[in-house]
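Morning, everyone. Please bring up the model on your screens, and keep the sequence beside it.

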Amino acid sequence: LSKLAGAASNAALAIVEAMPEGQRQELYSAILPQLTRTDPHRASEIVAARQSFSLNQVARVASSLAVDNSQSAFEWAAELKRGPVRNEALKVVTQQMAHSDPERCAHVLSGLDSKVAEPLMQVLASTWSQYDMPATLRWISTLGPSGAGMIPQIAENAPLNPNVAAEAAAH
């Protein structure tokens, strides 16, 4: 079935849908990895509809979507039902965006509810600081008191470069 999902995802999905409900989750789980590679948008629709996949499977779908279009991946993840599946999807997309367009990621996160945004901002800061500490520190300085709490976390990313470590410590 997973080979069929790679070659003809609609046929594989038709087979799964024809099965009794009790068997569908196992079959969806079997085809989701291949479907994530060949049709990440369809895989994301299945995850959104069922939300009963492992966090690892959700992370793969989120990552595939983010490679294609990080903004739409973020919107997809934000629409998932609150809980571990949504949290994992948001975290993975944030990590992807932090590598590809950290400024845009910061902007997107600023539009979220603070309870959702704060842990994601920490993910962004940690990821971004690994390759651009000065820009990360400039962004953190705009966050006020909530940003100050991120300094010790990102300072851990700077021990190989004493100048960057000193810059983080100065903030």
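Let me start with a definition. A nonpolar core is a set of buried Ala, Val, Leu, Ile, Met, Phe, Trp, Tyr and Cys residues joined through side-chain atoms within 4.5 Å. Buried means under 20% relative accessible area; exposed means over 50%; partly exposed lies in between, with a 1.4 Å probe and protein chains only.

Now the ground rules. This is a predicted model, where local features need pLDDT of at least 70, side-chain atom pairs count only at pLDDT 80 or more, and totals for chains, interfaces and linings use all residues. Residues are numbered from 1 along each chain as its sequence is written, and side-chain values use heavy atoms, with hydrogens and water left out.

First, the overall picture. The chain has 13 helices and zero strands. Both kinds of element are DSSP runs numbered from the N terminus: helices are H or I with at least four residues, strands are E with at least two. The chain holds 171 residues, and 42% of them are buried. Its accessible surface is about 8,800 Å², with 52% belonging to carbon and sulfur atoms. That area comes from the Shrake-Rupley method with a 1.4 Å probe; for residues, only the protein chains shown count as cover.

Next, contacts. A contact means heavy atoms within 4.5 Å. Take the contacts with a separation of 6 or more: 52% of them join residues 24 or more positions apart.

On to the core. In soluble globular proteins, nonpolar side chains tend to be buried together. Which residues touch the most other members of the largest nonpolar core? They are Val 47, Phe 74, Trp 76, Leu 124 and Trp 139, out of 47 residues in that core. Look at Val 47. Leaving out residues up to four places away in sequence, Val 47 touches Leu 32, Phe 53, Val 58, Val 61, Trp 76 and Val 85.

Now helix packing. Two packed helices are described by the angle between their axes and the distance between the axes. Axes here are lines fitted to C-alpha atoms, for helices over the stretch in contact, and angles run from 0 to 180 degrees between N-to-C directions.

Start with α3, residues 21–38, and α4, residues 40–50. Their axes come within 8 Å and cross at roughly 150°. The two helices are therefore roughly antiparallel. For the cut-offs, under 35 degrees is roughly parallel, over 145 roughly antiparallel, 65 to 115 roughly perpendicular, and the rest oblique. The α3–α4 crossing is left-handed. Left-handed means the near helix is turned anticlockwise from the far one by less than a right angle; clockwise is right-handed. Among the residues making this contact are Tyr 28, Leu 32 and Leu 35 of α3, with Ala 43, Ile 46 and Val 47 of α4.

Stay on α4. Ile 46 is found in that helix. Ile 46 is buried, at a relative accessible area of 5%. Its C-alpha sits 8.6 Å from that of Leu 32, and the two are 14 residues apart in sequence. Ser 44 is in α4 as well. Buried or exposed, this Ser 44? Buried, because its relative accessibility is 6%. Outside its own four-place neighbourhood in sequence, Ser 44 touches Val 61, Leu 65 and Trp 76.

Move to α5, residues 55–68, where Gln 57 lies. Gln 57 counts as buried at 12% relative accessibility. Beyond four places in sequence, Gln 57 touches Ser 29 and Leu 32. From Gln 57 to Pro 33 is 24 residues in sequence and 7.2 Å in space, C-alpha to C-alpha.

Second pair: α6, residues 70–79, and α7, residues 84–100. The axes come within 9 Å and cross at roughly 160°. That makes α6 roughly antiparallel to α7. This crossing is left-handed too. On the α6 side, the contact residues include Phe 74 and Trp 76; on α7, they include Leu 90, Val 93 and Met 97. For a contrast in α6, find Glu 79. Glu 79 is exposed, with a relative accessible area of 68%.

Third pair: α8, residues 102–110, and α9, residues 114–129. They pack at about 170°, with axes 10 Å apart. So α8 is roughly antiparallel to α9. Cys 105, Ala 106 and Leu 109 of α8 are among the contact residues, as are Leu 120, Met 121 and Leu 124 of α9.

Last stop: Gly 147 in α11, residues 145–148. Gly 147 counts as buried, at 0% relative accessibility. The C-alpha atoms of Gly 147 and Gln 122 are 8.8 Å apart, across 25 residues of chain.
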